[in-house]
Amino acid sequence: MGNAVMVSRFVPGGNPAGAAHPYFKGKEINGLSGSEIKGGMADAAVVSAIRSGDENGMAALYDRYSAVVYSVALRVLGDTGAAEDVLQEVFMQLWRNPGLFDSSRGSLGPWLAVIARHRAIDGLRKRRPETDIADVVVSVETDMAGAAERARAMEKVRGTLGSMPSAQRQALEMAYFEGLSHSEISAKTGEPLGTIKTRIRAGLMALRKAFAT
Amino acid sequence: MSVHEQFADDLALHALGVLEGEERVALEKHLESCAGCRRELEQLRGDTALMALSAGGPTPPQRARQRLLESVAREPRRASARRGWWTLVPWVAAAALAAGLVALWLRNSDLQQRIAGLENESAQQQAELQRAREVVSTLTATDALRVTVVAAKTPPQPQGKAIYVRDRSSLIFLASNFEALPAQKAYELWLIPTSGAPIPAGVFKPDAHGSATVINPPLPAGVQAKAFAITVEPEGGSAAPTMPILMIGAGE
């Protein structure tokens, strides 16, 4: 799948006002904030620097979002080297073509998370992981800047997932981290197609609700 | 705008990129004409981004940052292709400075030439002034030997020589063999114009040898002189000649 095709899937024509996810607006959630991070450039300034070819903009982008991009790629791919490749690829893609990200239609953090996850899924679909995700050594290096809010948001997501019925969480995680279609999940779990669909949607709605307050 | 319920579950799958086959084709067709479902799809993508947080924790190894920045440095295409205008500022400033220096050099060269011209002119004027001073000095020197040459065996006679240049209102008068006058009295030279009253042209007293010099007395401009005359007047001079006229001479 070409880059342009991939991006067009995630940024379709639509209502610009509705593009930014309400949970990320003006918040600092694990570095996903679309507005401003304490002690650093605003996302708009980072994007502007990248557009003007300023390498410092890329350094700022990396420092802010590399953990998000890397962790989701690592969770999907279960391979640190492959996750690094995804990280490299996603950021270089933005460097080569900053126009791919339209700041008027959403926030940079969620966009990068979506791109990274899809990029990782693309890799996964071509090459099944050889090692079990549980066997991957995870290094825990918490960034000091905004670490408390990150931890709270992460905790909230994990708490929400933990409070879901396990079948619902499983369906959502299989779709999200493994990129499985509802028919593939249905084949694996033996659950009806319609049930899988409903569980996945209900799982996403539960997350939305948890951050709506 | 509401979401069409029949597409609600498919929208969630589509946001995750896992909707396939006919269902995907049908949804994409529907999305083309349904803004409410498009908006919901975008919101669902945000919901999926929250899922990324559940994977949070691991951070990339330090070498990944270095690797990225090295890759970026190897591809400075955008930087050179779309340089900001401010990067041109030093070049513009340098060009402006160079242009300014050339202009200054030209101006300097011009000034040098003008100074050289003025110096040359000044030297000429200095030379002329020096000659004029020498003439005046000779004419007015108290120790000058003044000799009036006349026909042999002619007894000494009072004589005056007036040299007048009308255009410059310049007058030089040389007197010789004049008799000494009582105190409070002096000789006064008069310019007799072709029309109008005589004009005072200087008061003088002869020295012990009977000589005197009048150089450039104050005169009205451009007066046509018919003759010059001399009278005896009070020491301070008079506005009009006091008769009799002692000496008179017409222009040659």
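**Exercise 1. Find what share of chain A's contacts join residues at least 24 apart, among those between residues at least 6 apart in sequence.**

Step 1: take a contact as two residues whose C-beta atoms, placed from the backbone, lie within 7 Å. Step 2: keep the pairs in chain A that are at least 6 apart in sequence; 71% of these contacts join residues at least 24 apart.

Before going on: this is a predicted model, where local features need pLDDT of at least 70 and side-chain atom pairs count only at pLDDT 80 or more, while totals for chains, interfaces and linings use all residues. Residues are numbered from 1 along each chain as its sequence is written, and chains are lettered from A and ligands numbered from 1 in the order in which they are written.

**Exercise 2. Work out how helix 4 and helix 5 of chain A meet.**

Step 1: count elements as DSSP runs, numbered from the N terminus, with helices being H or I of at least four residues and strands E of at least two. Chain A has nine helices and zero strands.

Step 2: get the geometry. Helix 4 (residues 80-96) and helix 5 (residues 108-126) of chain A have axes that come within 10 Å and cross at roughly 130 degrees. Axes here are lines fitted to C-alpha atoms, for helices over the stretch in contact, with angles from 0 to 180 degrees between N-to-C directions.

Step 3: name the arrangement. Helix 4 and helix 5 of chain A are therefore oblique to each other (under 35 degrees is roughly parallel, over 145 roughly antiparallel, 65 to 115 roughly perpendicular, the rest oblique).

Step 4: list the players. Helix 4 of chain A brings A:Ala82, A:Val86, A:Glu89 and A:Val90, and residues from helix 5 of chain A include A:Leu112, A:Ile115 and A:Arg119.

**Exercise 3. Lay out the sheet of chain B that has the order 1-2-5.**

Step 1: call two strands paired if DSSP finds at least two bridges between them. Three strands of chain B make this open sheet, and the pairing is antiparallel.

Step 2: find the edges. Strand 1 (159-165) and strand 5 (212-215) of chain B each have a single partner strand, so one side of each lacks a neighbour in the sheet.

Step 3: zoom in on one pair. Strand 2 (residues 170-176) and strand 5 of chain B pair over four bridges, and B:Phe173 has B:Val214 of strand 5 as its bridge partner.

Step 4: add the helix. Helix 6 (residues 89-140) of chain B packs on the sheet, touching strand 2 and strand 5 of chain B, and its direction makes about 145 degrees with that of strand 5.
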